[in-house]
Amino acid sequence: MSGRTHAIVPAGLASLLFNADPLLTLTAALAGLAPDIDEPYSVMGQRFWFLSWWIKYLWGHRTISHSLLMVVMIGVAGLVVMIPLPVVCAICLGWGSHVLLDAASGGVMFWWPSKERWVLGRFPVYGVMDRALLVGGFLLFLVSFWIRVEHEVKTPIMPYVMGSATESGEWVSGDGRTMRRG
C-alpha cells in the first residue's frame, strides 16, 4: 500500500480506539510509516537513509521490519523503558496495521525468520483497494474527531470561567449568578 494509506489507516483506527486523542493518533500514523525503514526510497527511508540502506542490505525489504516478531519486540521494549501503555498500544497498532496492509499488497515475512511469505492479497499500490482503505481510514478519523468535538462542546471542561463552586455543587459565575452544573 502507499505511504499515505499506511499513515491514515492507523490514524483512523487510533482515533476510534483512543477517543481521537491527537498525540495517540499522530503516534499511530507515524508508527504506520516506520516499518518501511527497510526501503531507502520510502518516506522513512529517505529521512533515515543511513539506517535504511544498512537494513535493506542485511535483511531486504518486507522481512524483519514487517514481521510479528518486530511488533512484539517494539511492544516489549516500550514497556521495558516505561513508555505509557496507550502510547505503546498506538505504536503497535500503527506498526501492525502496516504489516497487514503490506500483506494485502503482495506479502510479508510475517513469521520471520521463516522465509515463507504471508500473502493476504495482491492489491496494487495506488489501486482501488489502496484508495478505498485510504478513504475508509480518513472517514473513520473524521467520525471519531466529530464525536469527540460533539462531546466536548456538550460538556465543556471549564463551564464558567472566573466562577467558583459552592458546597451544594452550584456554580457562582463572575457576575454573581448562581447556576447548577449538569
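In this predicted model, C89 is partly exposed, with a relative accessible area of 35%. The structure holds zero disulfides. C89 takes part in none, and the nearest cysteine sulfur, that of C92, is 6.8 Å away. C92 is likewise in no disulfide, its nearest cysteine sulfur being that of C89. A disulfide requires cysteine sulfur atoms within 2.5 Å, and the C89 to C92 distance of 6.8 Å therefore does not qualify.

**Overall organisation**

The chain has seven helices and three strands. Read from the N terminus, the order of elements is α-α-α-α-α-α-α-β-β-β, which places the helices ahead of the strands in sequence. Of the 182 residues in the chain, 40% are buried. The accessible surface of the chain comes to about 11000 Å², and carbon and sulfur atoms hold 71% of that area. Among contacts in the chain with a separation of 6 or more, 53% involve residues 24 or more positions apart.

**Nonpolar cores**

In soluble globular proteins, nonpolar side chains tend to be buried together. The largest nonpolar core here has 20 residues, and those with the most contacts inside it are M44, V71, W95, V99 and V108. Four helices each supply at least two residues of this core: α1 (3-17), α2 (22-33), α5 (68-80) and α6 (85-103). The greatest contribution comes from α6, with five residues. A second, separate core has five residues, including L24, A28, V87 and A90.

What does M44 touch, not counting residues up to four places away in sequence? Its partners under that condition are L30, L33, A34 and I37.

**Packing of α1 against α2**

The helices α1 and α2 pack at an angle of about 145°, with their axes 7 Å apart. The crossing of α1 past α2 is right-handed. On the α1 side, the contact is made by G3, H6, A7, P10, A11, A14 and S15; on the α2 side, by L24, T25, A28, A29, G32 and L33. Two of these α2 residues, L24 and A28, also appear in the second core. L33 of α2 belongs to the same helix contact and is also touched by M44.

**Backbone features in loops**

Two residues other than glycine have a positive phi, as N19 and M82 show. The table sets out their phi values, locations and exposure.

| Residue | Phi | Location | Relative accessible area |
|---|---|---|---|
| N19 | near 55° | loop between α1 and α2 | 47%, partly exposed |
| M82 | near 65° | loop between α5 and α6 | 72%, exposed |

Is M82 buried or exposed? With a relative accessible area of 72%, M82 is exposed because this value is over the 50% limit. N19, at 47%, is partly exposed, since this value falls between the 20% and 50% limits.

A further backbone feature concerns a peptide bond. W112 and P113 are joined by a cis peptide bond, with omega about 20°. Where does P113 lie? P113 is in the loop between α6 and α7 (128-154).

Conventions:
Residues are numbered from 1 along each chain as its sequence is written. This is a predicted model: local features need pLDDT of at least 70, side-chain atom pairs count only at pLDDT 80 or more; totals for chains, interfaces and linings use all residues. Side-chain values use heavy atoms; hydrogens and water are left out. A nonpolar core is a set of buried Ala, Val, Leu, Ile, Met, Phe, Trp, Tyr and Cys residues joined through side-chain atoms within 4.5 Å. Buried means under 20% relative accessible area, exposed over 50%, partly exposed in between (1.4 Å probe, protein chains only). Contact means heavy atoms within 4.5 Å. Accessible areas come from the Shrake-Rupley method with a 1.4 Å probe; for residues, only the protein chains shown count as cover. Axes are lines fitted to C-alpha atoms, for helices over the stretch in contact, and angles run from 0 to 180 degrees between N-to-C directions. A crossing is left-handed if the near helix is turned anticlockwise from the far one by less than a right angle, and right-handed if clockwise.
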